[in-house]
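Biologist: Good morning. Could we go through this model together, one topic at a time?

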Amino acid sequence: MTDAPLMQARGLTVALPNRAKSKVFGPPPTITLVKSIDLDVARGAAIGLVGESGSGKTTLGRALIRLLPIASGSLLFNGTDIAKAEEGALRPLRPKMQMIFQDPMSSLNPRLKLATILTRPFEAFGVPFPDGSRRDTAARLLDLVGLPTAFVDRYPHELSGGQRQRVGIARAIALEPDFIVADEIVSGLDVSTQAQILILLKELRARMGLTLVFISHDLSVVRALCDELVVLLHGEIVERGPCAEVFEAPKADYTRALIEAVPLPEIDPAWLGAPSAEA
């Protein structure tokens, strides 16, 4: 790691139209979802964003990779302020900032085979297939996430939930990004499949030097995967620190309530076993 953070937010504020309160005439009022966030994400770090529903976790995650507009503040990615950058200026940076979405059934095109889904990023950014052909490139990506290469001819509905999420991960790492936001990616999976996905993320992070922002409502999952914890409430950071320190001695009453509300067993190192292609 270098001293300079890969991602640095100062006074980051996100305000979006509140269409639920739109009037018949005139624009809808705005609602501020993320309020004056200061956040440094070190290169190679894994930061967990936690908080109750509506706390602003997903909004902040999407704003960090400019999938949402930023109302005010600065956002530096690798030293470049992208807070107000137009899409033309953002496009060269897009391959380096990727997102893994919560529901792969919604984020994967059901009409396309995996060979096409996994290689669309190369086509979108005019990057040649690194393995010579679409099928070979897709097969390598499947192998990276522990899926059989024969799956290149399958459609998303022919896979299990855990397998589809692996495809989502494979697509996100296709262009070898530096920064990934993972939004509740194990929330719909059973515990054993969650463990397989977490160990896969750990392996990919180590192999590729990924910087990860991991959004979750499950504190046990965050404690197993992340180095640092950021706790959000009503769009504001109420606590941040190394995971072990925050879980051991939370400073904010809200953090303490979150921890006390969820059973947090001692983490068994064997829980994160070897990945299985069935997950």
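Modeller: Certainly. Please keep in mind that this is a predicted model. A good place to begin is the disulfide count, which comes to 0.

Biologist: Why is there no bond between cysteine 226 and the closest cysteine sulfur?

Modeller: The closest sulfur to that of cysteine 226 belongs to cysteine 243, and the gap of 5.5 Å is too far for a bond. A disulfide requires the two sulfur atoms to lie within 2.5 Å, so this pair does not qualify.

Biologist: Is cysteine 226 buried or exposed?

Modeller: Cysteine 226 has a relative accessible area of 8%. The cut-off for buried is under 20%, so cysteine 226 counts as buried.

Biologist: And what about cysteine 243, buried or exposed?

Modeller: Cysteine 243 is buried too, with a relative accessibility of 4%.

Biologist: Let us move to the strands. How many residues of strand S8 are buried?

Modeller: Strand S8 covers residues 211-215, and 5 of its 5 residues are buried.

Biologist: Which way do the residues of S8 point?

Modeller: Thr211, Val213 and Ile215 point one way, while Leu212 and Phe214 point the other way. Residues on both sides are buried.

Biologist: Which strands are joined to S8?

Modeller: Strand S3, residues 46-50, runs parallel to S8 and is joined to it by 4 bridges. Strand S7, residues 179-183, is also parallel to S8, with 5 bridges between them.

Biologist: Which residue of S8 is the bridge partner of alanine 46?

Modeller: Alanine 46 is partnered with leucine 212. Another pairing places aspartate 183 opposite isoleucine 215 of S8.

Biologist: A new topic: how many cavities of 30 Å³ or more does the structure hold?

Modeller: There is 1 such cavity. The largest cavity contains about 50 Å³ of space.

Biologist: Which residues line the largest cavity?

Modeller: Its lining consists of Ile100, Ile173, Ile180, Leu201, Arg205, Leu210 and Leu212. By class, 6 are nonpolar, none is polar and 1 is charged. Leu212 is thus a residue to recall from S8, where it is buried.

Biologist: What volume does the largest pocket have?

Modeller: The largest pocket has a volume of about 390 Å³. Of the 19 residues that line the pocket, those closest to its centre are Gln98, Met99, Phe101, Pro121 and Arg171.

Biologist: Which elements give two or more residues to that lining?

Modeller: They are strand S6 (97-100), helix H4 (114-124) and helix H6 (161-173). The lining of the pocket divides into 13 nonpolar, 3 polar and 3 charged residues.

Biologist: Which helices do the buried residues of H5 pack against?

Modeller: The buried residues of H5 pack against H4 and H6. Helix H5 spans residues 134-144, and its buried residues are Thr137, Ala138, Ala139, Leu141 and Leu142.

Biologist: Why would residues a few places apart in a helix point the same way?

Modeller: An α-helix has 3.6 residues a turn, so residues three or four places apart point the same way.

Biologist: What comes just after H5?

Modeller: Glycine 146 is found there, with a positive phi of about 80°.

Biologist: Finally, where is asparagine 18?

Modeller: Asparagine 18 sits in the loop between strand S1 (7-17) and strand S2 (30-41). Its relative accessibility is 17%, so asparagine 18 counts as buried. Leaving aside residues up to four places away in sequence, asparagine 18 touches Pro28, Pro29, Thr30 and Ile31.

How values were computed
Residues are numbered from 1 along each chain as its sequence is written. This is a predicted model: local features need pLDDT of at least 70, side-chain atom pairs count only at pLDDT 80 or more; totals for chains, interfaces and linings use all residues. Side-chain values use heavy atoms; hydrogens and water are left out. On a 1 Å grid over the protein atoms alone, a cavity is a set of points where a 1.4 Å probe fits but cannot get out, and a pocket is an open set with protein on both sides within 12 Å along at least five of seven lines; lining residues have an atom within 4 Å of a point. Grid points are joined across faces, edges and corners, and a volume is the space filled by probe spheres set on the points. Ala, Val, Leu, Ile, Met, Phe, Trp, Tyr, Cys and Pro count as nonpolar, Asp, Glu, Lys and Arg as charged, and the others, Gly among them, as polar. Buried means under 20% relative accessible area, exposed over 50%, partly exposed in between (1.4 Å probe, protein chains only). Contact means heavy atoms within 4.5 Å. Two strands pair if DSSP finds at least two bridges between them.
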